[in-house]
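Q: Got a minute to go through this one with me? I'd like to start with how the parts sit against each other.

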Amino acid sequence: MKNKSLVSINDYSKEEQLRILELAEEFEQQPTQNILQNHVIASLFFEPSTRTRLSFESAVNRLGGKVVGFSEASNTSVKKGESLRDTILTVANYSDLIVMRNPVEGSARFASEISPVPIINAGDGANQHPTQTLLDLYSIKKTQGTLDNLHIAMVGDLKYGRTIHSLVIAMCNFNTTFHLVSPVELKLPSSVKMHIKENNLSYHQYTEMDEVLPIVDILYMTRIQRERFSDPLEYERIKNAYNLHKNMIEDTKENFRVLHPLPRVNEININVDKSPKAYYFEQALNGVFVRQALMVSILGLR
Ligand code: CP
C-alpha cells in the first residue's frame, strides 16, 4: 500500500482492506506511539467535518506526527480564485500525505492524478467516503466477530449518502444480504445496485424500516442530507422519514447493532444511546485506529 492513494474503496483489494483492519487492532491496543515523528500530514477540508477531520488529526498527533491544513477554504487562497490543482501542488511541497474532503465528486481522483504525494479521500460530494468504510468494516467485524454472511439494513439517504455507496461496494466482498430502506426519492443509485448484482448478491428495497429490524444483524442509519437537495421543499417533505426509538429495537437479534456514520439529526432518538445495541459513538472512536493504520501503511512505515 506504500504511496497508494485511497480515493474509492475498491482502489484497495479485499486483502489490503483486511490488512488495514488487522493493523488497526494493533493501534487500538496501543494508540500512542512515535511512528509518525518527522512526518507532516496535510488536512484539507473544503467542506465541514467533525469526526473525519478530528479523528485524522488525533490519529496523527497520537503517533507523534504534525498536521498542517485548514478546516475552511474561505481562509485560504482558494478565496482569491486559486484552483484545486495549484492548491494540491503547493500543499504537496509542505507534506508527506494529503487528506482531503471536497464537495465536488471526482475532486479526490483528480487530486490523486496530479499530486506527487498520496491522497486520502475524506469524502468527495455524494460519491465516496472510503476511510469511513474502513472504520465501518472494523466496527462490523468487532461487533459481529465476522464480516461474512451478514444481513445489513441501510436506512435513509441512499441516493446521496457517500458512506452508503462505499460501504455497499466493500460489503459485496463478504456475501452480504442488503436491505435498502429509503424514501422513493432517495433510493440507492443503479450503478451501486449493479455492483451488488455483479457479485451475485441480493438486495431488497423498502420504504419503512419496521419490517427489517427483526431480521438484520446491522442497522446502518444515515441522515437525510439537507446540503444535497437543490429544492428545500423536497427536503422538508422527507427530512423526518425515519426516527428510531429504543422500543423499536427491543425484539431484535442478540447480535443486532445500530451504526451511524454521524452526524445525526433526528433519525435516531437519544433514548437509543444507552442501549447496548447502540454502537455509533464507539464506531466514531474506531476511526482513530483505522486512520492510524491507513496512514502508516501508505507512508510505508508498517
Ligand atoms: N462520518 C463523518 O464523515 O462525519 P463528519 O462529517 O463529522 O466528518
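A: Sure. Domain 1 and domain 2 bury about 2300 Å² between them, 60% of it on carbon and sulfur atoms. Buried area here is the accessible area (1.4 Å probe) that two parts lose on being put together, summed over both.

Q: Which residues of domain 1 lose the most area to domain 2?
A: Ile 9, Leu 21 and Arg 51, and together they make up 26% of what that side buries.

Q: Before I go on, what kind of model is this?
A: It's a predicted model, where local features need pLDDT of at least 70, side-chain atom pairs count only at pLDDT 80 or more, and totals for chains, interfaces and linings use all residues. Residues are numbered from 1 along each chain as its sequence is written, and side-chain values use heavy atoms, with hydrogens and water left out.

Q: OK, where do the domains run?
A: Domain 1 is 9–128 + 287–298 and domain 2 is 130–284; the bounds come from an automatic or database domain assignment.

Q: And how many residues does each one put into the contact?
A: Domain 1 puts in 28 residues and domain 2 puts in 26 residues, with contact meaning heavy atoms within 4.5 Å.

Q: How many salt bridges cross that interface?
A: The rule finds 4 between domain 1 and domain 2. A salt bridge needs a side-chain nitrogen of Lys or Arg within 4 Å of a carboxyl oxygen of Asp or Glu. Lys 141 pairs with Glu 25 in a salt bridge, for instance, with the closest N and O atoms 3.6 Å apart.

Q: What about the whole structure, how many salt bridges there?
A: The search finds 15. Among them is Glu 26 with Arg 302, whose closest N and O atoms are 2.3 Å apart. Glu 26 is in helix H1 and Arg 302 in the segment after H9, so this pair ties together parts 276 residues apart in sequence. Helices (H or I, at least four residues) are DSSP runs, numbered from the N terminus.

Q: Switching to the ligand: which residues surround it?
A: Ser 49, Thr 50, Arg 51, Thr 52, Arg 101, His 129, Gln 132, Pro 261 and Leu 262, each having a heavy atom within 4 Å of it.

Q: What do the side chains of Thr 52 and His 129 do there?
A: A polar side-chain atom of Thr 52 sits 2.7 Å from a ligand oxygen. For His 129, a polar side-chain atom lies 2.9 Å from an oxygen atom of the ligand.

Note on methods. Polar contact = N/O pair within 3.5 Å; in protein donor to acceptor, adjacent residues only side chain to side chain. Helix = DSSP H or I, 4+ residues; strand = E, 2+ residues; numbered from the N terminus.
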